[in-house]
Amino acid sequence: MSKKVAFLQGNEAASYGALYAGCNFFAGYPITPSTEVAEVMSVELPKIGGKFIQMEDEIAASAAMMGAALAGFKTLDSTSGPGLSLKQELIGMACISEIPCVIYNVMRGGPSTGMPTGPSQSDVMCAKWGTHGDHPAICLVPSTVQETYEEMIRAFNLSEKYRTPVLVMPDEIVAHMRERVVFPEPGEIAIEPRRTPTVPPEQYKPYDTSFGDVPPLAAFGTGYKFHVTSLNKGQDGFPTTKAEWVQAEEERQVRKVEANADDIIEFEEFQLDDAEVVIVAYGSTSRSARYAVNEARKQGIKAGMFRLKTFWPFPYKQLTALTGRIKGFITPEMNLGMCHGEVERAAQGKVPVMGIFRVDGEPINPDQILDKIKEVK
Amino acid sequence: MAFDYEKYIRPGKLPHIWCPGCGHGIVMKGLIRAMDSLKLDMAQTAIVSGIGCASRLPGYMDCCTLHTAHGRAAAFATGVKLAKPEMNVILVGGDGDGTAIGGNHFIHACRRNIDMTYIILNNKIYGMTGGQFSPTTPTGAKASTTPYGNPDPCFDIAKLAIGAGATFVARGTSFHANQIDKLIAEAIQHKGFSVVEIMDDCPTTYGRRNKFKSVIEMMNHLKEIAVPVKAAEKMTAEQLQGKVLTGVLYKDETKTEYTAEYAKVIERAKAAK
Ligand SMILES: Cc1ncc(C[n+]2csc(CCOP(=O)(O)OP(=O)(O)O)c2C)c(N)n1
Ligand code: SF4
Ligand SMILES: [Mg+2]
């Protein structure tokens with residue numbers, strides 16, 4: 001039997017990917033260029049008995065999503081730049097209270113209202129450093145419509161597996177372009193279930209590390225009476241200022257993601273085997289980079305691309321490993337050097353890192369990248 | 001036999017953090033008596049709060065409890081209730097939490113008429129942070145940030161709730177402790193968004209700055225200003241100067257409740273499939 005195929009927009013694909021992953025609750029606030037997600041979810045969720053709510057602002061949307069997540073639902077919230085800024089306090093709470101949820105953020109020009117319909121990749125640092133305090137960050141950056149569909153499924157899976165919020169952040173071009181999507185069959189892609197307690201309610205502690213770095217999470221209304229707070233907490237979930245408990249919990253929250261970076265980080269190596277010039281790209285920019293690599297190869301230049309699918313945790317180790325055999329990195333991106341800085345960290349001064357930065361609302365075209373490739377000596 | 005509060009309180013969680021003379025504990029006891037009178041299943045009850053002294057209340061209660069970010073309780077609770085309409089959802093918080101930073105979520109919860117009960121512990125001040133003025137601090141009063149007297153007019157929480165679409169609105173005081181449980185119980189039983197404002201006191205940060213010599217004086221003040229709605233009907237506007245009405249101030253049983261309305265959305269969507 002042939003698989004179901006559709007011609008979809010990135011935002012639509014994201015919505016269907018979420019539904020495949022078992023999303024049954026959506027809360028959001030409309031904002032260009034992500035609104036189509038809210039629209040699709042408002043159509044689809046009630047059909048399967050799921051819940052859709054348009055809240056009064058982006059903070060409320062994240063709050064409602066997190067409330068539903070604690071009631072056992074798989075939840076999604078979608079937004080763009082200004083909304084992502086508003087959500088930061090609650091993203092921090094989702095991290096510290098360890099509430100699984102997915103936030104879909106389409107990157108548009110910023111800061112502030114910026115360029116609502118212009119593409120950008122300038123939220124990638126906000127995804128990691130936007131909320132205050134030490135916390136884990138998982139951020140996925142798809143570059144095709146098909147990948148947006150699949151990365152939404154992976155995002156839900158990672159949020160459940162690591163009990164933490166996951167951001168999926170296509171740029172506006174990926175979110176609004178239309179491409180062919182081949183749908184997986186039901187059951188074809190494994191869905192990570194929520195890990196719920198095996199102990200009876202009297203023994204349950206929401207942050208019980210005897211079950212590992214990612215403790216099981218009960219749902220409200222299932223017989224388990226437990227406390228969730230935004231304060232630093234002990235394993236029992238109650239606020240504490242006890243130095244050793246706070247230190248241990250903070251470290252575990254970050255460690256559960258960082259120590260599993262190899263499981264979370266995905267990337268594509270394109271023409272990398274013998275590459276001397278390596279482009280590190282993500283999102284729509286990687287599409288121009290792919291074209292530029294092919295052109296360079298035709299002209300006898302050994303170019304390749306390391307394409308990020310996971311932005312956070314960042315693949316420092318993988319990039320550092322390349323420094324022994326390449327002449328340099330090129331980082332094209334629609335911001336003033338965000339990925340660039342991380343690649344510099346990975347390069348450790350061993351090879352040059354050359355940036356191509358655009359924040360004028362125009363995509364980076366292949367010629368720009370090709371010209372830069374030729375500059376690498 | 002004396003009422004057994006302890007069966008509703010989490011073992012080992014007392015003593016609470018509240019100062020001696022703080023009104024918040026009186027409200028918590030009222031809430032417990034209300035829950036007891038309704039025989040609420042604690043495992044099917046969620047208490048959600050924001051941040052502040054009042055918002056520490058859920059941590060002591062032996063049910064599903066969620067202590068969120070400052071001002072956001074109503075939005076979190078909306079998520080819990082929409083996800084699981086069969087649960088009892090109760091919100092607790094202070095005047096600052098609910099009507100300043102959380103004011104937007106408060107009015108929209110009222111507008112949706114979602115079946116939850118919001119207990120606002122109105123001590124007219126930001127207690128937890130040391131006594132800055134709140135949207136309910138009386139004009140002219142002293143707070144740590146109004147050293148020359150408060151220039152701001154204040155909210156009437158009950159009128160705000162009614163105007164925004166809440167369908168049950170009541171007010172009590174921490175002096176009238178025996179009335180608190182009855183108001184809360186009636187609010188919980190009401191199908192729709194119910195608001196119970198309890199006027200209470202923060203002797204630590206409000207009382208001492210505003211010439212209340214003792215907690216008893218603050219309690220007496222609550223006693224003096226409270227006028228039951230029935231009694232108020234027979235009083236002149238002049239006699240009602242400086243008074244606050246107590247009891248059930250508003251009740252509307254005609255407006256549809258949000259989760260019931262959403263159930264209809266699901267029905268329509270399934271029919272259209
Ligand atoms: C985003 C944010 N802003 C400010 C604060 C500081 N803060 C904590 S509690 C509080 C006021 C609480 O007042 P209220 O809600 O009236 O409760 P009370 O302490 O009087 O019971 C403030 C301003 C905070 N925790 N979070
Ligand atoms: S500071 Fe005020 S509100 Fe807070 S516990 Fe003390 S008396 Fe109560
Ligand atoms: Mg207060």
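## Close-up views of a predicted model

**A:Ile279 of strand E13(A) has A:Met305 as its bridge partner in strand E14(A).** The model shown here and in the views that follow is a predicted one. E13(A), residues 277-281, and E14(A), residues 303-308, pair in the parallel sense over 5 bridges. Between these two strands the chain passes through helix H10(A), residues 283-298, and the resulting β-α-β crossover is right-handed. E13(A) is also joined by 3 bridges to strand E16(A), residues 328-333, and these two strands likewise run parallel; here A:Val278 has A:Phe329 of E16(A) as its bridge partner.

**Strand E13(A) is covered on both of its faces.** In a regular strand, side chains alternate between the two faces of the sheet. On one side of E13(A) lie A:Val277, A:Ile279 and A:Ala281, while A:Val278 and A:Val280 lie on the other, and all of these residues are buried. Because 5 of the 5 residues of E13(A) are buried, the strand is largely enclosed by the rest of the structure.

**Seven strands of chain A form an open sheet with mixed pairing.** The order of the strands across this sheet is E3-E2-E4-E5-E9-E8-E15. Strands E3 (51-54) and E15 (310-312) stand at the edges with a single partner strand each, so one side of each has no neighbour in the sheet. At the E15(A) edge, the pairing with strand E8(A), residues 139-140, is antiparallel and extends over 2 bridges, in which A:Cys139 of E8(A) is matched with A:Trp312 of E15(A) as its bridge partner.

**Ligand 1 lies between chains A and B.** Of the 18 residues around this ligand, those that come nearest are B:His24, B:Cys53, B:Asp97, B:Gly127 and B:Met128. A polar side-chain atom of B:His24 is placed 2.8 Å from an oxygen atom of ligand 1, whereas B:Ile125 brings a backbone N or O atom to 2.9 Å from an oxygen atom of the ligand, and B:Met128 likewise places a backbone N or O atom 2.9 Å from a ligand oxygen atom. On its own, ligand 1 has 590 Å² of accessible area, of which the protein covers 77%.

**Helix H3(B) and strand E5(B) both contribute to the shell around ligand 1.** H3(B), residues 95-101, and E5(B), residues 125-126, each supply at least two residues of that shell, and H3(B) provides the largest share, with 4 residues. By residue class, the shell around ligand 1 is made up of 7 nonpolar, 8 polar and 3 charged residues.

**The shell around ligand 2 is drawn from chain B and includes B:His24, B:Cys53 and B:Gly127.** Other residues around ligand 2 are B:Trp18, B:Cys19, B:Cys22, B:Asn123, B:Cys202, B:Pro203, B:Thr204 and B:Thr205. Helix H7(B), residues 203-207, gives the most to this shell, with 3 residues. The shell divides into 6 nonpolar and 5 polar residues, with no charged residue among them.

**B:Gln132 makes side-chain polar contacts with B:Thr129 and with B:Ser144.** This residue is found in strand E6(B), residues 132-133, and B:Gln132 counts as buried because its relative accessible area of 18% is under 20%. The polar contact between the side chains of B:Gln132 and B:Thr129 spans 2.5 Å, while that between the side chains of B:Gln132 and B:Ser144 spans 3.2 Å.

Technical notes. Residues numbered from 1 in each chain as written. Chains lettered and ligands numbered in written order. Predicted model: local features only at pLDDT ≥ 70, side-chain atom pairs only at ≥ 80, totals over all residues. Heavy atoms only, no water. Near = heavy atom within 4 Å. Polar contact = N/O pair within 3.5 Å; in protein donor to acceptor, adjacent residues only side chain to side chain. Areas by Shrake-Rupley, 256 points an atom, 1.4 Å probe, with all protein chains shown as cover. Nonpolar A, V, L, I, M, F, W, Y, C, P; charged D, E, K, R; others polar. Buried < 20%, exposed > 50% of the residue type's maximum accessible area, 1.4 Å probe, protein only. Pairing = 2+ DSSP bridges. Right-handed = clockwise from strand over helix to strand, strands pointing away.
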